[in-house]
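Hello,

Here is the structure I promised to pass on. Please have a look at it first; my notes follow below.

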Amino acid sequence: LRTHMLVCLGSAVFTIMSAYGFQDWYTHFTAEERTTIVSDPTRIAAQIVTGIGFLGAGAIFRSDDGVRGLTTAASLWMMAATGLAVGAGFYELAIGGTVLVLLILVALRQVSGRINRMNRGERTPFEVTVTRSAAIGPVLDRIAKASGMITDFKATVLERDEPDRLLTFELELPS
């Protein structure tokens with residue numbers, strides 16, 4: 001929440017500065033010189049959009065179980081837009097956008113949780129005996145190829161002088 005508030009405030013300040021902050025600077029020039037000065041207050045706003053996109057990209061992480069941080073990056077980007085709207089004086093747009101963001105983030109979290117629970121496979125307890133410890137790797141490789149997730153993994157030596165191992169774990173396969 002603090003990060004989002006800071007992005008929104010910073011975007012608003014940059015927008016106000018780009019629109020109004022350099023008006024006094026023009027007074028140092030004659031009327032003839034002012035006609036040759038090219039100024040575009042939207043340039044700073046455009047840089048906010050790309051800069052926040054870069055900041056959001058830093059919040060995205062790819063891991064074995066998927067991509068994390070996309071929602072954070074998108075909501076940061078939206079807060080930059082909200083800050084631009086506030087800075088430009090479009091308060092209704094900023095409030096409406098913020099309300100929609102909150103609805104999307106809160107309401108759809110529950111919907112996505114339900115969908116994830118529906119798509120989750122069943123957890124099944126397994127016991128596998130391997131005759132030599134080198135066979136443990138191939139067993140785990142086969143499970144990984146099937147997109148299985150292992151929890152509570154334990155390998156136990158069955159007899160002191162024998163290479164046999166008892167593998168116990170819970171396996172969750174996609175439904």
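I started with the sheet. Three strands form an open sheet in the order S3-S5-S4, and their pairing is antiparallel. Strand S3 (123–130) and strand S4 (149–157) sit at the edges, each pairing on one side only. From one strand to the next, the twist averages 15°. Keep in mind that this is a predicted model.

Helix H7 (residues 136–145) packs on this sheet. It touches S3, S4 and S5, and its direction makes about 10° with that of S5.

Now the pairing in more detail. S3 and strand S5 (residues 165–172) run antiparallel and are joined by eight bridges. One residue pair to look up: Phe126 has Phe169 in S5 as its bridge partner. As background, strands of a sheet pair through backbone hydrogen bonds, either parallel or antiparallel.

Next, two residues in the helices.

Thr82 lies in helix H5 (residues 70–88). Is Thr82 buried or exposed? Its relative accessible area is 4%, and the cut-off for buried is under 20%, so Thr82 counts as buried. Which residues is it in contact with, leaving aside neighbours within four places in sequence? They are Cys8, Ala94 and Thr98.

Ile115 is in helix H6 (residues 91–119). Its relative accessible area is 42%. That value falls between the 20% and 50% cut-offs, so Ile115 is partly exposed.

Ile115 also belongs to a nonpolar patch on the surface. The other members are Tyr91, Ile95, Val99, Leu100, Leu103, Ile104, Leu105, Val106, Leu108 and Val111. Together, the patch residues have about 1,000 Å² of accessible area.

Finally, the chain as a whole:

- The chain has seven helices and five strands.
- Along the sequence, the pattern reads α-α-α-α-β-β-α-α-β-α-β-β.
- Of the 175 residues in the chain, 21% are buried.
- Among contacts in the chain with a separation of 6 or more, 61% come from residues 24 or more positions apart.
- The chain's accessible surface comes to about 13,200 Å², and carbon and sulfur atoms account for 62% of it.

If you want places to begin, try the S3 to S5 pairing with its eight bridges, then the buried Thr82, then the nonpolar surface patch that includes Ile115.

Best regards

Technical notes: Residues are numbered from 1 along each chain as its sequence is written. This is a predicted model: local features need pLDDT of at least 70, side-chain atom pairs count only at pLDDT 80 or more; totals for chains, interfaces and linings use all residues. Side-chain values use heavy atoms; hydrogens and water are left out. Two strands pair if DSSP finds at least two bridges between them. Helices (H or I, at least four residues) and strands (E, at least two) are DSSP runs, numbered from the N terminus. Axes are lines fitted to C-alpha atoms, for helices over the stretch in contact, and angles run from 0 to 180 degrees between N-to-C directions. Contact means heavy atoms within 4.5 Å. Buried means under 20% relative accessible area, exposed over 50%, partly exposed in between (1.4 Å probe, protein chains only). Patches are made of residues with over 30% relative accessible area and no salt bridge: like charges are joined within 9 Å, nonpolar side chains (Val, Leu, Ile, Met, Phe, Trp, Tyr) within 5 Å. Accessible areas come from the Shrake-Rupley method with a 1.4 Å probe; for residues, only the protein chains shown count as cover. A salt bridge is a side-chain nitrogen of Lys or Arg within 4 Å of a carboxyl oxygen of Asp or Glu.
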